[in-house]
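Thanks for making the time this morning. I would like to walk you through one structure, going from a few individual contacts outward to the chain as a whole.

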Amino acid sequence: YMSTLKEIFSLGINFFLIQITALLLFQTNNIIIAHVCGIEEVTEYNLSYKYMNIVYMLFLAYLNPFWSYFTNAYARNDLHVIKNKILIINKVWLGAAAIGIFQVIASTLFFRLWVKNTILPNYILLILLLFYFLLTMRYTIYRTLMNGVGKIKLQFFVTVIEALLHIPLAILLGKKFGIYGVVGVMIIWSLINNIWEPIQYVKII
């Protein structure tokens, strides 16, 4: 009983630390952009981020129930079902990519209705954010499985390393490339997560 309780408590602490670290990782972006690019760039970034975040939130709403589903399937050692679900979710991800592309195309109309043309869409920024969210959605597929089966040690260490490197690298690239440099750092972390998380999924299965 005590060993099980200790394992559950340790898992809960790790989840909490991962969430806090991830929060710090990306909530610093506004401060960095304001520091290296100017306050006006923060408004442009926030509007673009919230707009492109729509497809990400829709995908998360679809993905969330699979956490407990993967837990139950893994406990039953039903690996075939897990693999089939991962394939299906990846197809849904392709649909989300199509929605994201449509968002970029329709951004002029949406911004006109939303902010009355006070800010025009920055297509380069929107495309970079779309790329970031698509990468994030894809690695979240495998992260949902890892969370469901409690395999989060590697995730914790990678998240901590990314958080420690994020601020200095975002400042460096932000000074060189402006707002695109800051978003570029976010994309780098998502690319790295898209490399190791599918590999860990294969090892778990």
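Let me begin with Asp-78, which is partly exposed, because its relative accessible area of 25% falls between the limits of 20% for buried and 50% for exposed. Please keep in mind throughout that this is a predicted model. Asp-78 forms a salt bridge with Arg-76, and the closest N and O atoms of that pair are 3.7 Å apart. Arg-76, for its part, counts as exposed, with a relative accessibility of 53%.

Between those two residue numbers sits Asn-77, which belongs to the loop between helix 4, residues 66–75, and helix 5, residues 79–105. Its phi is near 60°, a positive value in a residue other than glycine. As background, most residues other than glycine have a negative phi. Asn-77 is also exposed, since its relative accessible area of 56% is over the 50% limit.

How many salt bridges does the structure hold? There are two, and the other one joins Glu-197 to Arg-143, with the closest N and O atoms 2.5 Å apart. Because Glu-197 lies in helix 9 and Arg-143 in helix 7, this pair ties together parts of the chain that are 54 residues apart in sequence. Are these two partners buried or exposed? Glu-197 is buried, with a relative accessible area of 0%, and Arg-143 counts as buried too, at 14% relative accessibility.

Staying with helices 7 and 9, there is an aromatic contact to look at. Tyr-142 in helix 7 and Tyr-201 in helix 9 form a pair that links distant parts of the chain, the two residues being 59 positions apart. A pair of aromatic rings is described by the distance of the centres and the angle of the planes. Here the centres are 5.2 Å apart and the planes stand at 50°, so the pair is classed as tilted. Both Tyr-142 and Tyr-201 are buried. A search of the whole structure finds 15 aromatic pairs, and ring pairs also link Tyr-45, Tyr-49, Tyr-56, Tyr-132 and Phe-133 into a cluster.

One of the residues in that cluster, Tyr-132, leads us to Ser-190, which lies in helix 9. Leaving aside residues up to four places away in sequence, Ser-190 touches Tyr-132, Leu-135, Thr-136 and Tyr-139. Ser-190 is buried, because its relative accessible area of 2% is under the 20% limit. If you would like a distance to check on your own screen, Ser-190 and Arg-138 are 9.1 Å apart in space, C-alpha to C-alpha, although 52 residues separate them in sequence.

Now to the nonpolar interior. The largest nonpolar core has 52 residues, and those with the most contacts inside it are Met-52, Phe-59 and Met-137. Which helix gives the most to this core? That is helix 7, with 14 residues. Phe-59 deserves a closer look: not counting residues up to four places away in sequence, it touches Ile-89, Val-92, Trp-93, Ala-96, Met-137 and Ile-141, so that Met-137 appears here as a direct contact of Phe-59.

Nonpolar side chains also come together on the surface, where Ile-54, Leu-58, Phe-110 and Trp-114 make a patch of about 360 Å². The elements that give two or more residues to this patch are helix 3, residues 39–63, and helix 6, residues 107–115. Trp-114 is found in helix 6, and it is partly exposed, with a relative accessible area of 35%.

Finally, let me step back to the whole chain. Its secondary structure comes to nine helices and zero strands. Of its 205 residues, 45% count as buried. The accessible surface comes to about 11,300 Å², of which 71% belongs to carbon and sulfur atoms. As for how the chain is connected, among contacts between residues at least 6 apart in sequence, 80% join residues at least 24 apart. The salt bridge between Glu-197 and Arg-143 and the pair of Tyr-142 with Tyr-201 are two long-range links that we have looked at today.

Conventions: Residues are numbered from 1 along each chain as its sequence is written. This is a predicted model: local features need pLDDT of at least 70, side-chain atom pairs count only at pLDDT 80 or more; totals for chains, interfaces and linings use all residues. Side-chain values use heavy atoms; hydrogens and water are left out. Helices (H or I, at least four residues) and strands (E, at least two) are DSSP runs, numbered from the N terminus. Buried means under 20% relative accessible area, exposed over 50%, partly exposed in between (1.4 Å probe, protein chains only). Patches are made of residues with over 30% relative accessible area and no salt bridge: like charges are joined within 9 Å, nonpolar side chains (Val, Leu, Ile, Met, Phe, Trp, Tyr) within 5 Å. Accessible areas come from the Shrake-Rupley method with a 1.4 Å probe; for residues, only the protein chains shown count as cover. A salt bridge is a side-chain nitrogen of Lys or Arg within 4 Å of a carboxyl oxygen of Asp or Glu. A nonpolar core is a set of buried Ala, Val, Leu, Ile, Met, Phe, Trp, Tyr and Cys residues joined through side-chain atoms within 4.5 Å. Contact means heavy atoms within 4.5 Å. Rings of Phe, Tyr and Trp (its six-membered ring) pair if their centres lie within 6.5 Å; planes under 30 degrees apart count as stacked, over 60 as edge-to-face and the rest as tilted.
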